[in-house]
Amino acid sequence: MGNFYTLPKLPYGYNSLEPHISQVQLQIHHEKHHQAYVSGANAIFERLDKARADGTDLDVKAILKELSFHIGGHLLHTLFWGNLAPAGKASPRPSGILATAIDKEFGSFERFKKEFSQAAVSVEGSGWAALSFCMLTNRPLIMQIEKHNVNIYPMFRILLVLDLWEHAYYLDYKNLRAKFVEAFWNIVNWDEVGRRFEEMLH
Ligand code: MN
């Protein structure tokens, strides 16, 4: 038997991101939705372990698709909680080499914000916007991830993510996804995003 995933604790309180994300919205998102991906992935590993121990056959195609969805959900949510911070607790914009890389690629931080927001608002159905980085070209790149695992570039390190599933914002913003995206910029933890970038380069 192998190891299993666990739900990480948030690095702040459930009410700490208000008014941009309400306590009830954040708590249900973390305790119910994120937990469901952790439990979903672990349940699949239990099935895999059992089938391997018993020597029984599995629908490998279906199970791997489901596993990718749950693990993707778990990892993206973990990144998401880490790249948020209470308003005013982190730098309001990127600094250091991350700021330089963003300016070089997009022309300015404002232009990056505009493109990222457009990606976020226009994700079809449920998905994510992400800032990632290609080590081959040294170019930051915006990903528009569908579900938790579609349109991801292999090996590109994800630096910043924004959850655009309705479960992330519907209690607070109803159908107004663009309002949620606008609010997101107030609670980005740019110190953590910069730390991820420097860690990737070392
Ligand atoms: Mn979510």
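**Packing around the helices and the sheet**

In helix 5, the buried residues are His167, Ala168, Tyr169 and Tyr173, where buried means under 20% relative accessible area, exposed means over 50% and partly exposed is in between (1.4 Å probe, protein chains only). Helices here are DSSP runs of H or I with at least four residues, strands are runs of E with at least two, and both are numbered from the N terminus. The model is a predicted one, with local features needing pLDDT of at least 70 and side-chain atom pairs counting only at pLDDT 80 or more, while totals for chains, interfaces and linings use all residues. Residues are numbered from 1 along each chain as its sequence is written, and side-chain values use heavy atoms, with hydrogens and water left out. The cover over the buried residues of helix 5 includes helix 1, helix 2, strand 3 and helix 6, contact being heavy atoms within 4.5 Å. Just after helix 5, Lys174 takes a positive phi of about 50°.

Next come the aromatic rings. Rings of Phe, Tyr and Trp (its six-membered ring) pair if their centres lie within 6.5 Å; planes under 30 degrees apart count as stacked, over 60 as edge-to-face and the rest as tilted. By this rule the count comes to 20 aromatic pairs. In one of them, Tyr37 and Trp165 have ring centres 6.3 Å apart and planes at 70°, so this pair is edge-to-face. Tyr37 sits in helix 1 (residues 23-54) and Trp165 in the loop between strand 3 (157-163) and helix 5 (166-173), so the pair ties together parts that are 128 residues apart in sequence. Tyr37 is buried, at 7% relative accessible area, and Trp165 also counts as buried, at 14%. Elsewhere, ring pairs join Phe106, Phe109, Phe112, Phe116, Phe184, Trp185 and Trp190 into a cluster.

Tyr37 turns up again in the surroundings of His70, a residue of helix 2 (residues 60-82). Leaving aside residues up to four places away in sequence, His70 touches Ala36, Tyr37, Gly40, Ala41 and Ile44. His70 is buried, with a relative accessible area of 12%. By contrast, Ala178 of helix 6 (residues 177-184) counts as partly exposed, at 43% relative accessibility. The C-alpha atoms of Ala178 and Met143 are separated by 18 Å, with their positions 35 residues apart along the chain.

Now for helix packing. Two packed helices are described by the angle between their axes and the distance between the axes. Axes are lines fitted to C-alpha atoms, for helices over the stretch in contact, and angles run from 0 to 180 degrees between N-to-C directions. Angles under 35 degrees count as roughly parallel, over 145 as roughly antiparallel, 65 to 115 as roughly perpendicular and the rest as oblique. Helix 3 (residues 96-106) and helix 7 (residues 190-201) have axes that come within 8 Å and cross at roughly 90°, so helix 3 and helix 7 are roughly perpendicular. On the helix 3 side, the contact uses Ile97, Leu98, Ala101 and Ile102; helix 7 supplies Trp190, Val193, Gly194, Phe197, Glu198 and Leu201. The residues of this contact split into eight nonpolar, one polar and one charged, with Ala, Val, Leu, Ile, Met, Phe, Trp, Tyr, Cys and Pro taken as nonpolar, Asp, Glu, Lys and Arg as charged, and the others, Gly among them, as polar.

Helix 3 also packs on helix 4 (residues 109-121), at an angle of about 75° and with the axes 8 Å apart. Helix 3 is therefore roughly perpendicular to helix 4. Here Ile102, Asp103 and Phe106 of helix 3 meet Phe109, Arg111, Phe112 and Glu115 of helix 4. This contact has four nonpolar residues, no polar ones and three charged ones.

Helix 4 in turn lies across strand 1, strand 2 and strand 3, running at about 140° to strand 1. The three strands form an open sheet in the order 2-1-3, with antiparallel pairing; two strands pair if DSSP finds at least two bridges between them. Strand 2 (139-146) and strand 3 are the edges, each pairing on one side only. On average, neighbouring strands of the sheet are turned by 20° against each other, direction ignored. Strand 1 (residues 127-134) pairs with strand 2 over eight bridges and with strand 3 over six. Phe133 has Pro140 as its bridge partner in strand 2 and Arg157 as its bridge partner in strand 3. Strand 3 is mostly covered, with six of its seven residues buried.
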